[in-house]
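Subject: Handing over the structure

Hi,

Here is the structure I promised to pass on. Have a look at it first, and then read my notes underneath.

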Amino acid sequence: MIRFEKVTKIYLPESAVLQDVSFEVKKGEFVSIVGKSGAGKSTLIKMILGLEEPTYGDVFFNGENIHKVSHNELQNIRRKIGAVYQDYKLLPAKTVYENVAYIMEIEGRVNEDIALQVPRVLAAIGLKEKMDNFPEELSGGEQQRLAIARALAGQPEVIIADEPTGNLDPYNSHEVLALLEKINRSGKTVILATHDREIVNKLARRVITIEDGRVVRDEEKGRFII
Ligand SMILES: Nc1ncnc2c1ncn2[C@@H]1O[C@H](COP(=O)(O)OP(=O)(O)OP(=O)(O)O)[C@@H](O)[C@H]1O
Ligand SMILES: [Mg+2]
């Protein structure tokens, strides 16, 4: 589904952030990308979203080269990916309901569709009761869950989460992780970039470890070793 082929990313003047990175993520997998701060995890994720270009090599999504397709095609690919970030990126002046609905509106979904899908997504992540609250009235864990709800709203094939537990305490980290596992069990592919050793070891799923810009380990049922 997602394939990196000998991807090298060099930020000028001369720092190679990723070097010769190759791996493939199959549909339905749950993959953690781990590495120290600055290892290149976010850069790698931005390349899947088409937000950064590889200096050398290619990135494919369902067989299509993300960095060679037309603008329209890239938009289509992005619609199949739900992105979740550490800093939530919520809209402070909109309620929980509106935060999710807004994403669907900009994706051009019809109102009936939105009215049906938003409560469904909020129920799935356990925030239905907070539907009319504003983000600042939510706990950190709830805000992160809302960010996941927004990513889910467009019914993507893949959820890509960059450090989603970065601002959370262990309890809320665990809750967010359980939610990602639930999403994965529902058939969606999940890619998680993190430096949270605890949660990766608990997952016991595939782990790709990046060190000095290279993939140094790629293991099924991996552990966090750096
Ligand atoms: N736009 C940019 N221009 C120049 N250098 C950059 C740019 N973006 C990232 N870098 C550098 O690339 C390296 C990798 O950054 P990246 O954000 O991918 O790391 P990371 O693994 O996500 O780290 P963290 O765990 O802290 O989030 C860092 O050394 C960073 O300074
Ligand atoms: Mg990062």
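Right after helix α1 comes Gly50, with a positive phi near 75 degrees. Since this is a predicted model, please read this angle, like everything below, as computed from the prediction.

The helix itself, α1, spans residues 41-48. Is α1 mostly covered, or mostly open? Mostly covered: six of its eight residues are buried. Those six are Lys41, Thr43, Leu44, Ile45, Met47 and Ile48. You'll find α1 lying across five strands, namely β3 (30-34), β6, β7, β8 and β9 (206-211), and it runs at about 150 degrees to β7.

α1 also matters for the ligand site, at least by count: with three residues, α1 gives the most to the shell around ligand 1. Which residues surround ligand 1? Going along the chain, they are Tyr11, Val17, Gly35, Ser37, Gly38, Ala39, Gly40, Lys41, Ser42, Thr43, Glu163 and His195. By type, the shell divides into three nonpolar, seven polar and two charged residues. Note that Lys41 and Thr43 turn up in this shell as well as among the buried residues of α1.

Now the sheet under that helix. It's an open sheet of six strands with mixed pairing, and the order is β6-β7-β8-β3-β9-β10. The edges are β6 (81-85) and β10 (214-219), each of which pairs on one side only. On average, neighbouring strands here are turned by 15 degrees against each other, ignoring direction.

Two of the pairings in this sheet are worth a click:

- β7 (residues 158-162) and β8 (residues 189-194) run parallel and are paired over five bridges. Asp162 stands opposite Ala193 of β8.
- β9 and β10 run antiparallel, also joined by five bridges. Thr209 has Arg217 in β10 as its bridge partner. The two strands make a hairpin with two residues between them, and Asp212 in the turn has a positive phi of about 50 degrees.

Another helix packs on this sheet too: α5 (residues 140-153) touches β6 and β7, and its direction makes about 165 degrees with that of β6.

There is a second open sheet, with four strands. What is the order of its strands? They go β2-β1-β4-β5, with antiparallel pairing. Here the edge strands are β2 (15-25) and β5 (64-65), each pairing on one side only. Within this sheet, β1 (residues 2-11) pairs with β4 (residues 56-61) in the antiparallel sense, over five bridges, and Ile2 has Phe61 in β4 as its bridge partner.

A few backbone oddities to look at while you're there. Which peptide bond is cis, with omega near 5 degrees? The one from Leu12 to Pro13. Pro13 sits in the loop between β1 and β2.

Then there are two lysines with positive phi. Lys6 has a phi of about 45 degrees, although Lys6 is not a glycine, and it belongs to strand β1. Is Lys6 buried or exposed? A residue counts as exposed with 12 or fewer other C-beta atoms within 10 Å; Lys6 has 12 such neighbours, so Lys6 counts as exposed. Lys89 has a phi near 55 degrees, again positive without being a glycine. Lys89 is placed in the loop between β6 and α3 (96-106), and counts as exposed because Lys89 has 11 C-beta neighbours inside 10 Å.

Finally, the chain as a whole. How many helices and strands does the protein chain have? Seven helices and 10 strands. Its radius of gyration is 17 Å, close to the 17 Å that the globule rule gives for 226 residues, so the chain is as compact as a globular protein of that length. Taken along the principal axes, the C-alpha atoms fill a box of roughly 50 × 40 × 35 Å. Of the 226 residues, 37% are buried. As for contacts between residues at least 6 apart in sequence, 65% join residues at least 24 apart.

That's everything I have for now.

Cheers

Notes: Residues are numbered from 1 along each chain as its sequence is written. Chains are lettered from A and ligands numbered from 1 in the order in which they are written. This is a predicted model: local features need pLDDT of at least 70, side-chain atom pairs count only at pLDDT 80 or more; totals for chains, interfaces and linings use all residues. Two strands pair if DSSP finds at least two bridges between them. Axes are lines fitted to C-alpha atoms, for helices over the stretch in contact, and angles run from 0 to 180 degrees between N-to-C directions. Two residues are in contact if their C-beta atoms, placed from the backbone, lie within 7 Å. A residue is near a molecule or strand if its C-beta atom, placed from the backbone, lies within 6 Å of it. Ala, Val, Leu, Ile, Met, Phe, Trp, Tyr, Cys and Pro count as nonpolar, Asp, Glu, Lys and Arg as charged, and the others, Gly among them, as polar. A residue is buried if 20 or more other C-beta atoms lie within 10 Å of its own, exposed if 12 or fewer, and partly exposed in between; C-beta atoms are placed from the backbone. The radius of gyration is taken over C-alpha atoms; the globule rule is 2.2 Å times the number of residues to the power 0.38.
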